[in-house]
Protein chains: 2
Amino acid sequence: MLSEFDIIRTCFEQEGLAAIPGDSVIQGIGDDCALIKVPANKMLAFSMDTLVEDIHFPATAAPGLIASRALAVNLSDLAATGAKPLVFTLGLTIPEANQPWLEAFAAGLKTMAKEFNCYLIGGDMSRGALTITIQVQGLVDDGQAILRSGACPGDRIYITESLGCAALALLMFEGKLNNVLPEEQEIINLAFYRPQPRIDTALTVAGLVSAGIDISDGLLADLGHICEQSKCSATLDLTQIPLHPLVEKHLGRAAGLSKALSAGDDYELILTVSAAQEPSFLDAVSVLPEKFTCIGEISEHNEAQKVSCIDENGSMVRSTRAGAGGYMHFQGDD
Amino acid sequence: MLSEFDIIRTCFEQEGLAAIPGDSVIQGIGDDCALIKVPANKMLAFSMDTLVEDIHFPATAAPGLIASRALAVNLSDLAATGAKPLVFTLGLTIPEANQPWLEAFAAGLKTMAKEFNCYLIGGDMSRGALTITIQVQGLVDDGQAILRSGACPGDRIYITESLGCAALALLMFEGKLNNVLPEEQEIINLAFYRPQPRIDTALTVAGLVSAGIDISDGLLADLGHICEQSKCSATLDLTQIPLHPLVEKHLGRAAGLSKALSAGDDYELILTVSAAQEPSFLDAVSVLPEKFTCIGEISEHNEAQKVSCIDENGSMVRSTRAGAGGYMHFQGDD
């Protein structure tokens, strides 16, 4: 059986994946610690996410896809903070040293590492149930980090692109989706395994937004996090929530909307923008490839209604409330 | 069942464990990313280690002890680099949200966090087999990091304190150790679950040593890492290897020595010191509580003998060799 050292050398210390010493990287893989320099006018942003087999992905999923999802969800946290990716560490627990699996996994990481200019700088490998912990490190200018805590009443709520396709993927994996065309399967599959961290978007708007978060837990829950940290409430116009076209097609508007509100994993950004900054924000995002949609507004803190949803008749059809025990969705909600 | 948010709030966002915003910590637990500032004349050192139940510790071990071991082995990597602990992140995968277990685990972390002034700044929690991934972040002055790569022929090899007690603990856990007094059990147990990261030592000698590493894989393997990275070989005087008194008592010198050479988990430091720096080094360590022992010398690179062991008769009784496939211990060795 391959030793841990062999695996690291063969699969992970390869060109295009491993960080190369330079201005920021002083010591990469191969010592007790990695060492980096952070420029004097910047902060280091970092985030750790763990993916567990059969909880976060099917154990039989292609290793390259598991890798791309593991790194993408972490990079999405950097995007949500407005940080530029720098390096990542990998804690990989695997049942056995299966070299073809590891090579495909490393290849998946490498593709993402190159695309986002974020290379592997260290980590650890253990035996056990397949569990992937990644910590991404990124740089953000002093005072420019996008936080959850900056939203104010009157701020407009924007999201990138559309929602629901990751939830559609989970239905597809469970065999609960019929008549999916082969080209649709590919799109849906990648929505789950290869969500698009909105790094360029975040770097473009970092100075123009009041708060931000990425949608990992679902629109209501993640907007709820902004409300909690910003001590405010929010109102969503359900008619404006953009659903992915395949969600509209396969689930219809009503069921698709339910997924968009409560299911997560799309990794689009929620950004709040003050009225004063909105013209500059719209100007800045007009050159970006992503679609931006205003879906609602931040309001004064209301203990009973953290996030309220208004339908096409102007009626409040559901809301979440702040509670000591976290999220208590209304009856019928999940 | 408690939600992830409840668990984090109740157990991990407590005073004395969670990092408090200040000069270095800009954003702690509760946003997409943690944010820190690194002083202009310093580097950030970081290391990630994963502990898996029934691989790195018995699943039935006390949660506070599991926590102290998980943080200690990471802090030891900072010590090996000469870095001062700053903050840590925790990726915790647990089979169920067992609150008493989590509270005891958090209490174990808190004790270590306070002792080493290294607080929790973020992480992730998942369901699955008990797996603990910690990444520690520390600060080291520019140009002062202890690396594996700086040893030169003629450098003397020192280690802190004594070896073998963690291996003795594993024998005790397996029921293979008889006639252990209750007070000895406690010492042996803590040697495994609460190894002492040699932070103060490392900070004291950082500018005086040529290379360093902590002993996690065993003396031969870890000294071998220094030899590989420094492109040299090493000779150990077996008569000088300090064994823990309980190792001498329960295993005898010969069997104890075998454990000291090949078993890991003691987390003592190996430090190499040039002849020119040795007087300053000895002067500096004379005020430290740890015992330091010179156990050998670095020599010119020898492909066939990476680490050679000399017995009381001056005979070479074993050696490791550098090989493409990593460590190839001689026959009879494990």
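What follows is a friendly exchange about how some descriptions of this predicted model are justified.

Me: Let's start with two helices of chain B. Why is α4(B) called roughly perpendicular to α5(B)?
Reply: The two helices, residues 165–173 and residues 182–193 of chain B, pack at an angle of about 110°. Angles of 65 to 115 degrees count as roughly perpendicular, so α4(B) is roughly perpendicular to α5(B). Their axes are 8 Å apart, and the crossing in which α4(B) passes α5(B) is left-handed.

Me: Which residues make that contact between α4(B) and α5(B)?
Reply: On the α4(B) side they are C165(B), A166(B), L168(B), A169(B) and M172(B). They meet I188(B), N189(B), A191(B) and F192(B) in α5(B). By class, this contact has 8 nonpolar residues, 1 polar residue and no charged ones.

Me: What makes α4(B) and α8(B) roughly perpendicular to each other?
Reply: Helix α8 of chain B covers residues 245–262, and its axis crosses that of α4(B) at roughly 110°. That value lies in the range of 65 to 115 degrees, and the pair is therefore roughly perpendicular. The axes come within 10 Å. C165(B), A167(B) and L168(B) of α4(B) make the contact with L246(B), V247(B), H250(B), L251(B) and K259(B) of α8(B). Here the classes are 6 nonpolar, 1 polar and 1 charged.

Me: Now the sheet. What makes β1(A) and β5(B) edge strands?
Reply: Each of them pairs on one side only. The sheet is open, has 6 strands and mixed pairing, and runs in the order β1(A)-β2(A)-β3(B)-β6(B)-β4(B)-β5(B). The edge strands are thus residues 25–27 of chain A and 119–127 of chain B. On average, neighbouring strands are turned by 20° against each other, direction ignored.

Me: How do you know that β1(A) pairs with β2(A)?
Reply: Pairing needs at least two bridges, and 2 bridges join β1(A) to β2(A), residues 34–36 of chain A. The two strands run antiparallel. V25(A) has I36(A) as its bridge partner in β2(A).

Me: And how do you know that β2(A) pairs with β3(B), a strand of chain B?
Reply: There are 3 bridges between them, in the antiparallel sense, against a cut-off of at least two. L35(A) has its bridge partner A45(B) in β3(B). Also in chain B, helix α2 (residues 63–81) lies across β3, β4 and β6, running at about 30° to β6(B).

Me: Which element gives the most to the side of chain A that touches chain B?
Reply: That is strand β3 of chain A, residues 42–52, with 9 residues. The contact takes 51 residues from each of chain A and chain B. On the chain A side, 22 residues are nonpolar, 19 polar and 10 charged.

Me: Within chain A, what makes α2(A) the largest contributor to the side of domain 1 that touches domain 2?
Reply: α2(A) supplies 11 residues, the largest share of that side. In total, 16 residues of domain 1 are in contact with 16 residues of domain 2. The elements of chain A giving two or more residues to the domain 1 side are α2 (63–81) and β4 (84–94). That side has 10 nonpolar, 3 polar and 3 charged residues.

Me: Where do the bounds of domain 1 and domain 2 of chain A fall?
Reply: The domain assignment gives 4–141 for domain 1 and 148–329 for domain 2. Taken over C-alpha atoms, their centres are separated by 27 Å.

Key:
Residues are numbered from 1 along each chain as its sequence is written. Chains are lettered from A and ligands numbered from 1 in the order in which they are written. This is a predicted model: local features need pLDDT of at least 70, side-chain atom pairs count only at pLDDT 80 or more; totals for chains, interfaces and linings use all residues. Axes are lines fitted to C-alpha atoms, for helices over the stretch in contact, and angles run from 0 to 180 degrees between N-to-C directions. Helices (H or I, at least four residues) and strands (E, at least two) are DSSP runs, numbered from the N terminus. Angles under 35 degrees count as roughly parallel, over 145 as roughly antiparallel, 65 to 115 as roughly perpendicular and the rest as oblique. A crossing is left-handed if the near helix is turned anticlockwise from the far one by less than a right angle, and right-handed if clockwise. Two residues are in contact if their C-beta atoms, placed from the backbone, lie within 7 Å. Ala, Val, Leu, Ile, Met, Phe, Trp, Tyr, Cys and Pro count as nonpolar, Asp, Glu, Lys and Arg as charged, and the others, Gly among them, as polar. Domain bounds come from an automatic or database domain assignment.
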